[in-house]
Amino acid sequence: MKPPRSPAARRVLALWRPAPRGDRFHTAVRWWTAPFAALEQEVPLAGDVLEVGCGHGVFSTYLAVTSRARHVVGVDIDADKIALARQAAAHLEPGEADVTFRVSPSGEVPRIDGGWRCIVFADVLYLLTRERREALLAECADALAPGGLLVVKEVDTAPPVKAKAAQLQEVLATRVLRITDGDALDFPSAEELQGVLDRLGLRTMAKRLDHGYLHPHCLVLGTRPAEPSAG
Ligand SMILES: C[S@@+](CC[C@H](N)C(=O)[O-])C[C@H]1O[C@@H](n2cnc3c(N)ncnc32)[C@H](O)[C@@H]1O
């Protein structure tokens, strides 16, 4: 668990102050429990960045506030969360950050001319079946610019005790409290995710981001080759 220490983190969470108490609480909990500060460091400082499954938009907004040269688009299947993300972003000062939000159906990845410099997932892929997850990652790999980066943050399946506790929390969020939408609950390991990105032809690496956290956060990065590979 880590508090929002930096001025940028505190600024971003303050944007949700006028939101209903439950949403304010949810966004604060997301910050304390997800390694957003470390994750931001993995995202290129400039260019078009897409966050798929942005939820209330805290991480997308943080990406935009930490670098004005990032043009950030957050998409989600949940129209209520996108409405909240837009309301919060409306409190940004003119020119403070470039971030927009829109609803996008499951499995669809918005396309832009030249492709995305970076596409980010933060705790989304466990909400899809393995088949749909792989299809979505393939769409994303295809939507990247040459040299573009896919950043996938999930909760790993190891170590088992930490993983089971995190999975139980997600069962509660999706099935009991119903605060998270999704097609399924199927937790991928970092190894599985890296294997998928390898097979898609991306250059991959995996890291852990769980130092100081209760959840076994993991990160898988995949870079699209800059030039078509020979053969
Ligand atoms: C645990 S929340 C994470 C939200 C945000 N990324 C964050 O880190 O705070 C998971 C989000 O994924 C969204 N989601 C689930 N399935 C999705 C899909 N197929 N495509 C896009 N978003 C999806 C949910 O609506 C929810 O907002």
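## Exercises on a predicted model

Proline 159 lies in the loop between β5 (144-155) and α7 (160-176). The structure examined in these exercises is a predicted model.

**Exercise 1.** Determine whether the peptide bond from alanine 158 to proline 159 is cis or trans.

*Solution.* Step 1: locate the bond, which runs from alanine 158 to proline 159. Step 2: read its omega angle, which is near -5°. Step 3: state the result, namely that this peptide bond is cis.

**Exercise 2.** State the sign of phi at aspartate 123, and locate this residue in the chain.

*Solution.* Step 1: the phi angle of aspartate 123 is about 60°, hence positive, although the residue is not a glycine. Step 2: aspartate 123 is placed in the loop between β4 (116-122) and α6.

**Exercise 3.** Describe how helix α6 packs against helix α8, and classify the residues of their contact.

*Solution.* Step 1: helix α6 comprises residues 130-143 and helix α8 residues 190-199; their axes are 10 Å apart, at an angle of about 45°. Step 2: because of this angle, α6 is oblique to α8. Step 3: the crossing of α6 past α8 is right-handed. Step 4: α6 contributes Arg130, Arg133, Glu134 and Leu137 to the contact, while α8 contributes Glu192, Leu193, Val196, Leu197 and Arg199. Step 5: sorted by class, these residues comprise 4 nonpolar, no polar and 5 charged.

**Exercise 4.** Carry out the corresponding analysis for helix α1 and helix α4.

*Solution.* Step 1: the axes of α1 (residues 7-14) and α4 (residues 58-66) come within 9 Å and cross at roughly 135°. Step 2: angles over 145 degrees count as roughly antiparallel; α1 and α4 are therefore oblique to each other. Step 3: α1 passes α4 in a right-handed crossing. Step 4: on the α1 side, Ala8, Ala9, Val12 and Leu13 take part, and they meet Val58, Thr61, Tyr62, Val65 and Thr66 of α4. Step 5: this contact holds 7 nonpolar, 2 polar and no charged residues.

**Exercise 5.** How many residues surround the ligand, and which are the closest? Give also the distances from the ligand to polar atoms of arginine 30, glutamate 51 and glycine 53.

*Solution.* Step 1: the ligand is surrounded by 19 residues, of which Arg30, Gly53, Asp76, Ser106 and Ala122 are the closest. Step 2: an oxygen atom of the ligand is 2.7 Å from a polar side-chain atom of arginine 30. Step 3: for glutamate 51, an N or O atom of the side chain lies 3.0 Å from a nitrogen atom of the ligand. Step 4: in glycine 53 the partner is a polar backbone atom, 2.7 Å from a nitrogen atom of the ligand.

Note on methods:
Residues numbered from 1 in each chain as written. Predicted model: local features only at pLDDT ≥ 70, side-chain atom pairs only at ≥ 80, totals over all residues. Heavy atoms only, no water. Axes fitted to C-alpha atoms, helices over the stretch in contact; angles between N-to-C directions. Helix = DSSP H or I, 4+ residues; strand = E, 2+ residues; numbered from the N terminus. Parallel < 35°, antiparallel > 145°, perpendicular 65-115°, else oblique. Left-handed = near helix turned anticlockwise from the far one by under 90°. Contact = heavy atoms within 4.5 Å. Nonpolar A, V, L, I, M, F, W, Y, C, P; charged D, E, K, R; others polar. Near = heavy atom within 4 Å. Polar contact = N/O pair within 3.5 Å; in protein donor to acceptor, adjacent residues only side chain to side chain.
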